[in-house]
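Reader: I would like to learn how to read a sheet and its pockets from coordinates alone. Could we go through one case together, step by step?

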Amino acid sequence: MSNQKDLPIGFMDSGLGGLSVMREALKLMPNEDFIYYGDSANAPYGTKDPDLIRDLTFRVVDQLLEEGIKGLAIACNTATSAAVRYLRQMYPDLPLVGIEPAIKPAVESSHGGEILVMATPMTIQQDKFQKLLAIYRQDARILPVPCAGLMEFVEKGDLDGEFLDAYFKEHLSPYLSKDTETVVLGCTHYPFLKPHLQEFLGPDIRLIDGSYGTSKELKRRLEEKDLLHQEERERTITIKNSLPNPEMIERSYKLLNM
């Protein structure tokens, strides 16, 4: 088993967003090696047809499996919705987690206010998201907010500034009311915009995302199979991207260190 234990944990996303999830996993599993693959050449996934999203996801996962991994996080809401069910059937022995918008924790900690869920239009259209909404709609007022084009800010490294404010004014402000209590960040790119978004919203509205919960679940699944190192050790973090652009890799490491 020890040779499998020494393999890295794999993360994939349509671009750089999944780094927000991996950032939490790095803290939770300090003795592990990680490999991250961002498919920025094909980003955004959120505007594509579900079959294409599935194919792109499979392609990245195949690449990670070829490298050799002992666990996998599909750190992209769109890819999770389109592909995770199939991946579980294809690789039943692989500790595997997907991510979904953190509606459950938002509802569980709600004080009766309104919950907005910012997500890509494709995530909102997917059955998986609609089913999730249906489960919690009786317990809270939940409004999906389609955010076409928002992940591109993160891909370009624009994490604050007036263009972002203009975006929030146009796409988010129409949904805000005096009852808005929580905003769920339903795309893994959005946590990198958190500081600026919080400034835009003011201190009274809470921001929640699924990064920590997803990382915790991945850790649990790896522990179940006794695949984690207990002793302290030097670790490696490898970042790959389908865009052959050194700037993308550099930006990725920067986002991890935020």
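Reader: Let me begin with a single pairing: which residue is the bridge partner of Ile74 in β4?

Author: Please keep in mind throughout that this is a predicted model. A strand pairing is read bridge by bridge, and here the partner of Ile74 is Gly98, which belongs to β4. That bridge belongs to a pairing in which β3, covering residues 71–74, runs parallel to β4 over 3 bridges.

Reader: Moving from one pair to the whole sheet, what is the order of the strands?

Author: The general idea is to follow the pairings from strand to strand. In this model they give an open sheet of 5 strands in the order β4-β3-β1-β2-β9, with parallel pairing. The strands β4 (96–98) and β9 (237–241) each have a single partner strand and therefore stand at the edges, so that one side of each is left without a neighbour in the sheet. Between neighbouring strands of this sheet the average turn is 15°, with direction ignored.

Reader: Which strands does helix α11 touch where it packs on the sheet?

Author: Helix α11, made of residues 211–224, touches β1 (9–13), β3 and β4, and its direction makes about 165° with that of β4.

Reader: How, then, should I look for empty space, and what is the volume of the largest pocket?

Author: When a probe the size of a water molecule is rolled over the atoms, it shows where empty space is left. The largest pocket found in this model has a volume of about 380 Å³. Its lining counts 20 residues, and those closest to the centre are Gly98, Glu100, Gly210, Gly213 and Thr214. Gly98 is thus both the bridge partner of Ile74 and one of these central lining residues.

Reader: Which element supplies the largest share of that lining?

Author: The largest share comes from α11, with 5 residues, while α4 (77–90), β4, α5 (103–108) and α11 each supply at least two. Sorted by class, the lining of this pocket holds 8 nonpolar, 5 polar and 7 charged residues.

Reader: And what can be said of the second largest pocket, beginning with its volume?

Author: The second largest pocket has a volume of about 210 Å³, and among the residues lining it are Arg54, Arg85, Arg88, Asp127, Lys128 and Lys131. By class, its lining has 6 charged residues, along with 3 nonpolar and 3 polar ones. Helix α4 gives the most to this lining, with 7 residues, and both α4 and α7 (127–136) supply at least two.

Note on methods:
Residues numbered from 1 in each chain as written. Predicted model: local features only at pLDDT ≥ 70, side-chain atom pairs only at ≥ 80, totals over all residues. Heavy atoms only, no water. Pairing = 2+ DSSP bridges. Helix = DSSP H or I, 4+ residues; strand = E, 2+ residues; numbered from the N terminus. Axes fitted to C-alpha atoms, helices over the stretch in contact; angles between N-to-C directions. Contact = heavy atoms within 4.5 Å. 1 Å grid on protein atoms, 1.4 Å probe; cavity = no way out; pocket = protein on both sides within 12 Å on 5 of 7 lines; lining within 4 Å. Points joined across faces, edges and corners; volume = space filled by probe spheres on them. Nonpolar A, V, L, I, M, F, W, Y, C, P; charged D, E, K, R; others polar.
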